[in-house]
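Welcome! Below are a few short exercises, each followed by a worked solution. Have a look at the structure, then try each task before you read on.

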Amino acid sequence: MKYFHKILIFWLTILLLYFSCIEIFPSFSSPVSARLNQIIQSLLFIISLFILKNEPIKKNKYIFLNFSIFFSLSILAFCYDFVGKAFFTFKYARHVSLQYLTIAYMIFLSIAVVYLVIDLLFKNFKVYQKYASTIVIVGGFFALYFLPFFQDPLYLYSTENIKQWKTLDAYVAVNKEVSSPFELANRVTLQSWQNGKAVGDLYPEENLKKIEALFPYLEKENWRVLLWEPFYKKIIYIDVLIVFFILLFFGYLYKKDPPQGAYIDKIMFLILLLQSMDIIHNWGFIKSVEWGSLTELFAIGQYITFIAEFMMVIFFGLRLRFITSVQGEFYETELAANPNHISRWRDWIDNFVLAQFFNYKIFNGRLFQKQTGK
């Protein structure tokens, strides 16, 4: 109970500061669903710090250190509401801030997941070896997909689609009578672009096909979908990387059934759910045309994310309560010292799933069975 009070005090202090700043400084309004996610992530940040402080096993501290860093980005997400009004008021401030904040979220979540999986697969690795392996894997993928964003903060404005859209938009702005892609193709010849430079005109058939694809984005704010499409396509690739490592985590648990820290598998399952939903959400984004309907889809997706993150709060809280109990401290200590002589921890969810959905005899020996030394 003492931890509950401390967590509540720290969390309410953060929220008080945030909402006080909203009253004092000019800011942008966020959708309710997005703000709820910021709030719940800040709570996960505080709980992660308490788990980090109270973890009885040193190697587990690094696991929750990674989660603490990831959830600490919620503080930067709070600050994003003030970007462009209270500070950083230059033209592309919000674009650049959102871009790098999203990349940071994906980087630190990838590190948290990949490190946890490597810790499970290669228990004999030293901490620096686990981090080195994690950084090589995560860093390699992010260099592959996001290096252009660090070379040019406004990279998205230099893509071929946006360059061609600008050409069409400039023409339509002057000649408002244009009513169809075919009519527009007869008047405008688009160019092919590479590395932000025009390299030649498109052939007539290709020109018409491209204009037909870009024509819906000329209406209202639909161009924003076209702008962010390459970015969220790359986010999907990172989501797939995270999902792959989580599936590797559960595959190894199923095959080897090593004793695992309490509630960590539940946390990984919720991250799997979150990233799977993120893939669907981002795929819907890049396939969408209307910016207005997209913002509505985003709000709905944020509510689903909030539910999953609320479940994470429960399991992070259960983890904290477990490791600060006598029984939990004994189990985690024995797990680190004698993993082959200790039963896998079964919580109430494990018992419920076994009782309701599985024949225990089938899984006896594969899961939840006491390990014996050779």
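A polar contact is a pair of N or O atoms within 3.5 Å; within protein, one must be able to donate a hydrogen and the other to accept it, and residues adjacent in sequence count only if both atoms are side-chain atoms. The model is predicted, so local features need pLDDT of at least 70 and side-chain atom pairs count only at pLDDT 80 or more, while totals for chains, interfaces and linings use all residues. Residues are numbered from 1 along each chain as its sequence is written, and side-chain values use heavy atoms, with hydrogens and water left out.

**Exercise 1. Find the partners of N54 and E55.**

Solution.
- Step 1: Locate N54 in helix 2, residues 32–54. Helices (H or I, at least four residues) and strands (E, at least two) are DSSP runs, numbered from the N terminus.
- Step 2: Look at the side chains of N54 and Y3, which are joined by a polar contact of 3.0 Å.
- Step 3: List the contacts, meaning heavy atoms within 4.5 Å. Not counting residues up to four places away in sequence, N54 touches Y3, K61, L320, I323 and T324.
- Step 4: Move to E55, in the loop between helix 2 and helix 3 (58–80). Its side chain makes a polar contact of 2.7 Å with that of R319.
- Step 5: Leaving aside neighbours within four places in sequence, E55 is in contact with N60, K61, F64, R319 and I323.

**Exercise 2. Decide whether E55, S180 and G139 are buried, partly exposed or exposed.**

Solution.
- Step 1: Use the cut-offs: buried means under 20% relative accessible area, exposed over 50%, partly exposed in between (1.4 Å probe, protein chains only).
- Step 2: E55 has a relative accessible area of 4%, so E55 is buried.
- Step 3: S180, in the loop between helix 6 (160–174) and helix 7 (181–187), is partly exposed because its relative accessibility is 23%. A polar atom of the S180 side chain lies 3.2 Å from the backbone nitrogen of E183.
- Step 4: G139 belongs to helix 5, residues 127–151. With a value of 33%, G139 is partly exposed. Its C-alpha atom is 8.3 Å from that of I107, 32 residues apart along the chain.

**Exercise 3. Describe how two pairs of helices are arranged.**

Solution.
- Step 1: Two packed helices are described by the angle between their axes and the distance between the axes. Axes are lines fitted to C-alpha atoms, for helices over the stretch in contact, and angles run from 0 to 180 degrees between N-to-C directions.
- Step 2: The axes of helix 10 (residues 264–287) and helix 11 (residues 291–323) come within 10 Å and cross at roughly 175°. Helix 10 is therefore roughly antiparallel to helix 11. Angles under 35 degrees count as roughly parallel, over 145 as roughly antiparallel, 65 to 115 as roughly perpendicular and the rest as oblique.
- Step 3: For helix 6 and helix 8 (residues 204–214), the axes come within 11 Å and cross at roughly 85°, so these two helices are roughly perpendicular. N161, Q164, W165 and L168 of helix 6 meet K210, I211 and L214 of helix 8.

**Exercise 4. Summarise the whole protein.**

Solution.
- Step 1: The secondary structure comes to 14 helices and two strands.
- Step 2: Of the 374 residues, 43% count as buried.
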